[in-house]
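Reader: I would like a close look at the charged side-chain contacts in this model, taken slowly and with the reasoning made explicit. Please end with the pocket, so that I can see what charged groups are found there.

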Amino acid sequence: MHVLRGLEANLINEVRTQAAVVDLRSDTVTRPTQAMRAAMMQAPLGDDVFGDDPTVNALQDKLAGLLGFEAALFMPTGTQSNLCAILAHCGRGDEYIVGQLAHTYRYEGGGAAVLGSVQPQPLTQDEQGRMALSDIVGAIKPDDCHFARTRLLCLENTWNGHPMPMDYLHSAQVIAREKDLALHLDGARLFNAAAAIKASGETVASAAGRITGHFDSVSVCFSKGLGAPVGSALCGSRDLIQRAHRVRKMAGGGMRQVGLLAAAASHALDHHLERLVDDHALAQRLTQGLQGLDGLTVRSAQTNIVFVDVVGNRGPALLDFLKAHGVLATGLIGLRFVTHLDVDAAGIDHTIGCVRQFMAQTTADPTSAKAGGPY
Ligand SMILES: *Cc1c(COP(=O)(O)O)cnc(C)c1O
């Protein structure tokens with residue numbers, strides 16, 4: 001009895017501390033819901049290296065079906081998923097064309113080069129993450145012994161909280177076909193893009209399928225807006241997924257009774273897709289609450305990410321102020337706020353109130369207020 005009381009008290013304390021913090025650093029901070037935990041506990045399991053885990057197999061089939069591919073492969077992380085894709089598309093001495101600031105170039109430890117001897121060809125991108133089509137065509141190497149073989153084009157959607165324009169996806173697909181390049185999507189937040197572009201009455205899943213229809217392979221994360229604790233997946237043709245499977249093994253990604261995690265991902269696909277619009281609405285609420293404040297520039301998000309530029313070197317002080325008031329965000333000059341399953345309207349309103357209070361009681365550091373825009 002005493003033990004139980006103690007446990008209960010601990011649980012309540014844990015819930016209180018978690019509730020007290022409005023954690024807007026990333027959508028990766030979500031904790032599995034009770035229903036998700038229940039799905040995990042009930043999942044039938046087997047050794048996935050033998051192909052024996054029914055929950056993993058069902059998840060892979062479900063996702064492939066949802067996004068219109070022949071096959072899918074469950075992965076521990078999005079980084080490993082992208083690596084497996086690049087190494088399945090490209091061999092030693094091949095290259096992939098990729099955005100200068102894209103995750104698959106800049107934020108994955110150079111894995112394709114380190115582990116696959118695949119050379120990146122980075123290109124500059126515009127605000128929407130687009131490489132100019134003429135730059136892409138210009139970067140494709142001629143068939144000549146001086147050059148690496150250009151095999152693959154990598155895009156990323158969403159880009160900085162924006163869904164990529166559909167006409168760009170179409171143009172990229174046309175170029176890829178014409179030039180015999182494979183086309184890969186780093187869709188860590190694919191379903192956020194889908195929730196942003198979906199027509200009224202259309203499901204998020206169906207809009208996601210319209211995006212992925214342009215690509216030969218797509219990587220998605222379950223551990224971000226979908227609220228699963230761990231996991232990503234790569235989709236593609238049966239042949240491509242077979243090659244990716246070999247790379248995953250090489251990279252140490254062969255997991256055993258991993259249906260425990262696949263169950264969480266599967267639960268997320270069943271229950272957390274359509275609700276992404278709620279996260280987007282909260283990001284809009286935050287945007288509106290901060291717009292027009294002196295010294296702030298809010299870059300309006302179309303999904304669940306809001307960027308706020310703070311004039312006059314006040315970014316770090318604002319972050320500290322927010323932290324002292326139970327709100328976590330990231331950034332230095334441009335601050336980033338990400339909404340997700342574990343944030344509600346009250347948390348967003350509290351955040352807006354804190355930012356307003358901070359801006360009202362501080363002034364810009366004049367020494368840093370150089371001409372021409374946000375710092
Ligand atoms: C999060 C993310 C990934 C994968 O990250 P992991 O932490 O390895 O799961 C890949 N691409 C983009 C754009 C991301 O945001």
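Author: In this predicted model, Arg 243 has a relative accessibility of 37% and therefore counts as partly exposed, since that class runs between the 20% below which a residue is buried and the 50% above which it is exposed. Its partner in a salt bridge is Asp 239, with a nitrogen-to-oxygen distance of 2.9 Å. Asp 239 falls into the partly exposed class as well, at 45% relative accessible area. Both residues belong to helix H11, and because they are 4 residues apart there, about one helical turn separates them. Elsewhere, salt bridges with shared partners link Asp 94, Arg 149 and Arg 151 into one network.

Side chains of opposite charge can pair when their charged atoms come close. In the whole model, the count of salt bridges comes to 14.

Within the network, the side chains of Arg 149 and Asp 94 form a salt bridge at 2.7 Å, N to O. Arg 149 is in strand S5 (residues 149-156) and Asp 94 in strand S3 (residues 94-99), so this contact ties together parts that lie 55 residues apart in sequence. The two ends of the pair have their own surroundings: Asp 94 is buried, because its relative accessible area is 3%, while Arg 149, at 44%, counts as partly exposed.

A further salt bridge joins the side chains of Arg 248 and Asp 48, at 3.6 Å from N to O. Arg 248 sits in helix H11 (residues 238-250), whereas Asp 48 is in the loop between helix H2 (34-42) and helix H3 (54-67), and the pair therefore connects parts that are 200 residues apart in sequence. Arg 248 and Asp 48 are both buried.

Turning to the largest pocket, its space amounts to about 720 Å³. The lining is made of 24 residues, and those nearest the centre are Glu 156, Trp 159, Asn 160, Phe 307 and Arg 336. By class, the lining holds 9 charged residues, along with 9 polar and 6 nonpolar ones. Among the contributing elements, helix H5 (103-106) and strand S10 (305-310) each provide at least two lining residues. Both domain 1 (2-30 + 275-368) and domain 2 (34-271) take part, each supplying at least three residues of the lining.

How values were computed:
Residues are numbered from 1 along each chain as its sequence is written. This is a predicted model: local features need pLDDT of at least 70, side-chain atom pairs count only at pLDDT 80 or more; totals for chains, interfaces and linings use all residues. Side-chain values use heavy atoms; hydrogens and water are left out. A salt bridge is a side-chain nitrogen of Lys or Arg within 4 Å of a carboxyl oxygen of Asp or Glu. Buried means under 20% relative accessible area, exposed over 50%, partly exposed in between (1.4 Å probe, protein chains only). On a 1 Å grid over the protein atoms alone, a cavity is a set of points where a 1.4 Å probe fits but cannot get out, and a pocket is an open set with protein on both sides within 12 Å along at least five of seven lines; lining residues have an atom within 4 Å of a point. Grid points are joined across faces, edges and corners, and a volume is the space filled by probe spheres set on the points. Ala, Val, Leu, Ile, Met, Phe, Trp, Tyr, Cys and Pro count as nonpolar, Asp, Glu, Lys and Arg as charged, and the others, Gly among them, as polar. Domain bounds come from an automatic or database domain assignment.
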